[in-house]
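Subject: Handover of a structure

Hi,

I am passing this structure on to you. Please open it before you read my notes below.

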Amino acid sequence: MIMIVMCKKLSALLLGALLASGLTSCGIGQSGDGKLDVVAGFYPMAYISEQIGENSIEVSNLTGPTTEPHDLEITPRQRTRIADADLAVFLKGFQPAFDAAIANHNKDRGFNAADIEPLLGGYVPVEESGGNPEGGHGKLHDDGQGKDPHIWLNPIRLANVVAALAKRLGQIDPSDALKFNRAAAQLRGKLQALDTEISDALHDCTSRTIVTSHNAFGYFAERYKLKQVAINGLSPEQEPSPERLAEVSRIAQANHVSTVFFENLVSPKLSETLAREIGAKTAKLDPLESKPGHGDYFSQMRANVQALRTALQCS
Ligand SMILES: [Zn+2]
């Protein structure tokens, strides 16, 4: 990285002279093109890095589009990439293997999104937390199930991460700091507009209860005053007990749920079984843990909102 930054500065001042003298070795950085090398653990972190960095940053997303990112395992090759990266963008608590690789191989060059937006406990709907239904739909709180990492599903929380990430990238490469800040301001504006759009779209709905595949939509539910009832835990691997399934079924029926949501990277079997049992339909709700098949973060968030508007009968 030092070489890259040096080269960028030199390019404005002395590169011509150095090239003439044959003394420069610019362009031999990790990416070989003078760009900052950023390694991201999963899609939303890779997406915001790309948006901030534009053509000044080379971003590698360690989680492929068909991999469930909670389960990411680090290969020796990826470990080398992490060790060589100018910055590793991660969300501590979401991908333990990535967290460990950064701690062991590149701990001074890690950007932890959870340092900016501290994680809250997993989402629990009012019925299960013993709270008063009139006091809200549920809450994110510590009940022993661990911290909820899915902060990117609240655009305002993601916007806060964007601002801090741009600042960090600007510290690594001051010559592009202004550019990073400008791109970040634009992205934050888009995220704030998306937040308003979602609030408006989900403001007036017949139902506010959503049954999701795993407990990923807590920050989303909290922000837009929905009540999330999750079949699986904070990770899709935390599968429900028969008692838990019966409880989800009971809450879904009591709240006249019309649709049980499934995800692209998790087997829809449990969602389909539950939907059959309570006479509901199924539909996809993407927690955006991996790159969507089409479009990007914004278009997929809007597709999610459309699916919710249909399921919750919003006007
Ligand atoms: Zn998840």
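A word on labels to begin with. Helices are DSSP runs of H or I with at least four residues, strands are runs of E with at least two, and both are numbered from the N terminus. One caution: this is a predicted model.

The overall picture

The chain has 315 residues, and 49% of them count as buried. It holds 13 helices and 12 strands. Take the contacts with a separation of 6 or more: 61% of them join residues 24 or more positions apart.

Helix α3

Start with α3, residues 43–53. Is this helix mostly covered or mostly open? It is mostly covered, with 9 of its 11 residues buried. Among the buried ones are Tyr43, Pro44, Met45 and Ala46. Tyr47, Ile48, Ser49, Ile52 and Gly53 are buried too. Glu54 comes just after α3 and has a positive phi of about 45°. For context, most residues other than glycine have a negative phi.

α3 packs on α9, residues 177–201. Their axes are 7 Å apart and the angle is about 125°. That makes the two helices oblique to each other. On the α3 side, the contact uses Ile48, Gln51, Ile52 and Gly53. On the α9 side, it uses Lys179, Phe180, Ala183, Ala184 and Leu187. By type, the contact residues are 6 nonpolar, 2 polar and 1 charged.

Gln51 deserves a closer look. This residue sits in α3. Its relative accessibility is 30%, so Gln51 counts as partly exposed. Beyond its neighbours up to four places away in sequence, Gln51 touches Ala183 and Leu187. Gln51 and Ala184 are 133 residues apart along the chain, yet their C-alpha atoms are separated by 7.5 Å.

Helices α8 and α9

α9 also packs against α8. Here the angle is about 180° and the axes are 9 Å apart. The pair is therefore roughly antiparallel. From α8, the contact includes Pro155, Ile156, Leu158, Ala159 and Val162. From α9, it includes Phe180, Ala184, Leu187, Leu191 and Ile198. The full set of contact residues divides into 15 nonpolar, 4 polar and 3 charged. Three α9 residues, Phe180, Ala184 and Leu187, take part in the contact with α8, and they take part in the contact with α3 as well.

The zinc site

Which residues hold the zinc ion? The protein donors are His70, His150 and His214, each through NE2, and Glu289 through OE. They lie 1.9 to 2.0 Å from the ion. The angles among the 4 donor atoms run from 99 to 119°, and the site is tetrahedral. The ideal tetrahedral angle is 109.5 degrees. Along the sequence, the spacing is H-x79-H-x63-H-x74-E.

His150 is in the loop between β8 (147–148) and α8 (155–172), and Glu289 is in the loop between β12 (281–284) and α13 (297–312), so this pair ties together parts 139 residues apart in sequence. Both His150 and Glu289 are buried.

Two loop residues with positive phi

Leu288 shares the loop between β12 and α13. Its phi is near 55°, which is positive for a residue other than glycine. Leu288 counts as buried because its relative accessibility is 0%.

Lys225 also has a phi near 55°. Its loop runs between α10 (218–224) and β10 (227–230). Lys225 counts as exposed because its relative accessibility is 56%.

Helix α13

Two residues of α13 are worth a look. Leu308 lies in this helix and is buried at 1% relative accessibility. Neighbours within four places in sequence aside, its contacts are Leu202, Ile210, Phe220, Leu226, Phe261, Leu285, Gln313 and Cys314. Leu308 and Leu202 are 106 residues apart in sequence, and their C-alpha atoms are 7.9 Å apart.

Asn304 is also in α13. At 3% relative accessibility, Asn304 is buried. Beyond neighbours within four places in sequence, Asn304 contacts Phe217, Leu285 and Asp286. Leu285 thus appears in the contacts of Asn304 and in those of Leu308.

Best wishes

Conventions
Residues numbered from 1 in each chain as written. Predicted model: local features only at pLDDT ≥ 70, side-chain atom pairs only at ≥ 80, totals over all residues. Heavy atoms only, no water. Buried < 20%, exposed > 50% of the residue type's maximum accessible area, 1.4 Å probe, protein only. Axes fitted to C-alpha atoms, helices over the stretch in contact; angles between N-to-C directions. Parallel < 35°, antiparallel > 145°, perpendicular 65-115°, else oblique. Contact = heavy atoms within 4.5 Å. Nonpolar A, V, L, I, M, F, W, Y, C, P; charged D, E, K, R; others polar. Donors = N, O, S within 2.8 Å, 3.2 Å for Na, K, Ca; no water. Tetrahedral: all angles 85-135°; square planar, octahedral: opposite > 155°, others 65-115°.
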